[in-house]
Amino acid sequence: MQLKRSLAQALKYTAPVAAGYLSLGAAYGIFIASLGLDPIYGVLMSVFVYAGSLQFAAAYLLKEAASLLEAALLALAINFRHIFYAISMAPIYKGLPFRLYLIFGLTDETYALLSSGCPEGAEMRYYAIFVTLLNHIYWIVGTLIGIWLAFALPFVKSASGIEYAMSALFVTLLSSQWAGSSKSSRISCIIGLIGSIAATVLVSGNMFVPAALAIIAASLAVFTLKEGEEAQ
C-alpha cells in the first residue's frame, strides 16, 4: 500500500518537472543532432551522465575532441553546487536503499522535491527512489523525442538558439522563486547576477564559470558573515 501511495505522490509532485524535462531533454536531443554528433552519444549521456546544463557543454567537448582534464574541470565548475546538495541530503538518504543511484540522480529539481520532505501517505524510502527515477526517465524520454524530431523534421535540426533552453529554464525558476523568497534570498540572487556580470568583464572563454563561482562564493561568504554579526 505504501509503495503505491509513494508512487502516486511521486507522480503528482514530479509532474511539473516532467513538463520541463521533456521539453529540455528534447532541446538537448535536437542540439546533439545539430552538432552532427552520433545520436547514441546523446542517449548515453542522458542515461549515464544525466547532468542537464553540463550535457549541453559536454556536447561541445565531444565535437571538439577535448581532453579528459578539460572535461573534468568543466564538470567540476558547472556542477560544483552538487557537493553541497549531497551534504545536505546525507541525513535523508541515510539508511535508504539504492543510495548510490539516489546520489547519482540528484538534480536541482530532484533536490528541491526531496529536501522539502515526504508527502503525507508516502514513505521516504520509496518516495525518494520514485522521484529520482521518474525525473531521470523524463529526461531520457525527452532526449529521445528531440533526436527523433531532429531526424524526422530536418528543419528542426537547423534551428538556432536551441542551446539556450537550459538558460531559459533557470531564468524561469529564478523568476518564480523571487516572488515568494525572503530578503536574504533575493540578495543572494542579486549577488549571483552581479558576480556573473563581473566575471564576464574580467575574464573570457573557459575561465568564465570558475571566475564567476569564485566571485559569487566569496561575496556570499562576506554577506553571510555580516548578516550573522548583525543578528548577534
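What share of the contacts in the chain with a separation of 6 or more comes from residues 24 or more positions apart? The share is 70%. Keep in mind as you browse that this is a predicted model. Here is a short tour, from the whole chain down to a nonpolar patch on its surface and a helix that contributes to it.

**Overall build**
- The chain has 12 helices and 0 strands, so reading from the N terminus you meet α-α-α-α-α-α-α-α-α-α-α-α.
- Of its 232 residues, 34% count as buried.
- About 13,500 Å² of the chain is exposed, and carbon and sulfur atoms supply 70% of that area.

**The nonpolar surface patch**
- I40, Y41, L44, F48, V49 and L62 make a nonpolar patch of about 560 Å² on the surface.
- Helix α2, spanning residues 39–48, gives the most to this patch, with 4 residues.
- L62, another member of the patch, is found in helix α3.
- L62 can belong to the patch because its relative accessible area is 37%, and patch residues need over 30%.
- With that value, L62 is classed as partly exposed.

**A closer look at helix α3**
- Helix α3 covers residues 53–63.
- The buried residues of α3 are S53, L54, Q55, F56, A57, A58 and A59, whereas L62 in this helix is partly exposed.
- After α3 comes A65, and the phi of A65 is positive, near 55°.

Notes:
Residues are numbered from 1 along each chain as its sequence is written. This is a predicted model: local features need pLDDT of at least 70, side-chain atom pairs count only at pLDDT 80 or more; totals for chains, interfaces and linings use all residues. Side-chain values use heavy atoms; hydrogens and water are left out. Patches are made of residues with over 30% relative accessible area and no salt bridge: like charges are joined within 9 Å, nonpolar side chains (Val, Leu, Ile, Met, Phe, Trp, Tyr) within 5 Å. Accessible areas come from the Shrake-Rupley method with a 1.4 Å probe; for residues, only the protein chains shown count as cover. A salt bridge is a side-chain nitrogen of Lys or Arg within 4 Å of a carboxyl oxygen of Asp or Glu. Helices (H or I, at least four residues) and strands (E, at least two) are DSSP runs, numbered from the N terminus. Buried means under 20% relative accessible area, exposed over 50%, partly exposed in between (1.4 Å probe, protein chains only). Contact means heavy atoms within 4.5 Å.
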